[in-house]
Amino acid sequence: MPEIPGSTINANCKKCDADTPHTVLEVIEGGKRIGKVRCDKCRDEHPFRRPKTAAARPKSKAVKPARPRRPSKSRGPGEIPAEEAWRQVEAMVQAAAKQPYEMDKSYDKGEVIEHPQFGVGVVVNVLSPTKVEVLFPDVRRKLVCGQQPVH
Ligand SMILES: [Zn+2]
């Protein structure tokens, strides 16, 4: 599965001496591998290290993705502007199979979608069963999904 800058992933943090949720700051080889990450707990930035407990999953629901309405210049250090994140994965995204975006579908991290209004984007984070964060060439947007009734 391709990795997208801005995604939340589980990684090992030496400072915390634990597996913690991290924000992907950089991907390499067009999203095939994770470069730098930032610990969401202690804010330490370091190269990605696999979590020691493979089954551990990020627990925090308080992760706040960057709000798309603010210009990228005003973001704090460590937040990757959407344009920069897009550049890192553009080749992979363009080469990937694209799913038409529909509100009643569910999407996974790394899936490439084609939105009728916003164009091609890639799912950065699954925020909830009905909301995904999608990276477009100039901005991140939150889109609703999975709107069908659950049985
Ligand atoms: Zn840490």
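In this predicted model, alanine 85 touches Ile4, Pro5, Gly6, Ile80 and Leu135, when residues up to four places away in sequence are left out of the count. Alanine 85 also appears, together with Ile4, Val89, Val122, Val134 and Leu135, among the residues with the most contacts inside the largest nonpolar core, a group of 25 residues. Two or more residues of this core are given by each of the elements E1, strand E5 (36-39), helix H1 (82-95), strand E8 (112-115), strand E9 (119-128) and strand E10 (131-135). The largest share, 5 residues, is contributed by H1. As a general background to such a grouping, nonpolar side chains in soluble globular proteins tend to be buried together.

With regard to the protein as a whole, 1 helix and 11 strands are assigned, and their succession along the sequence reads β-β-β-β-β-β-α-β-β-β-β-β. Of the 151 residues, 30% count as buried. Among the contacts with a separation of 6 or more, 45% are made by residues that stand 24 or more positions apart.

An open sheet is formed by 5 strands, arranged in the order E7-E8-E9-E10-E11, and the pairing within this sheet is mixed. Its edge strands are strand E7 (98-100) and strand E11 (140-144), each of which pairs on one side only. When direction is ignored, neighbouring strands of the sheet are turned against each other by 45 degrees on average. Within this arrangement, E9 and E10 run antiparallel and are joined by 5 bridges; asparagine 125, for example, has as its bridge partner glutamate 133 in E10.

Several loop residues can be described individually. Aspartate 17 is found in the loop between strand E1 (8-13) and strand E2 (18-24), and its phi is near 55 degrees, a positive value in a residue other than glycine. Because 9 other C-beta atoms lie within 10 Å, aspartate 17 is exposed. A comparable description can be given for glutamate 29, which has its place in the loop between strand E3 (27-28) and strand E4 (33-34). Glutamate 29 is likewise not a glycine, yet it has a positive phi of about 55 degrees. Glutamate 29 counts as exposed because it has 12 C-beta neighbours inside 10 Å, and a residue is placed in that class if the number is 12 or fewer.

Arginine 43 lies in the loop between E5 and strand E6 (45-47). With 11 other C-beta atoms within 10 Å, arginine 43 is exposed. The C-alpha atom of arginine 43 is separated by 9.3 Å from that of threonine 23, and these two residues are 20 residues apart along the chain.

The confidence of the prediction should be kept in mind when these features are read. The protein averages a pLDDT of 87, and 81% of the residues score at least 70. Over residues 70-76, however, pLDDT stays under 50, and for this stretch the model has 6 contacts beyond four places in sequence.

Technical notes
Residues are numbered from 1 along each chain as its sequence is written. This is a predicted model: local features need pLDDT of at least 70, side-chain atom pairs count only at pLDDT 80 or more; totals for chains, interfaces and linings use all residues. Helices (H or I, at least four residues) and strands (E, at least two) are DSSP runs, numbered from the N terminus. A residue is buried if 20 or more other C-beta atoms lie within 10 Å of its own, exposed if 12 or fewer, and partly exposed in between; C-beta atoms are placed from the backbone. Two residues are in contact if their C-beta atoms, placed from the backbone, lie within 7 Å. A nonpolar core is a set of buried Ala, Val, Leu, Ile, Met, Phe, Trp, Tyr and Cys residues joined through C-beta atoms within 7 Å. pLDDT is the predictor's confidence in each residue, from 0 to 100. Two strands pair if DSSP finds at least two bridges between them. Axes are lines fitted to C-alpha atoms, for helices over the stretch in contact, and angles run from 0 to 180 degrees between N-to-C directions.
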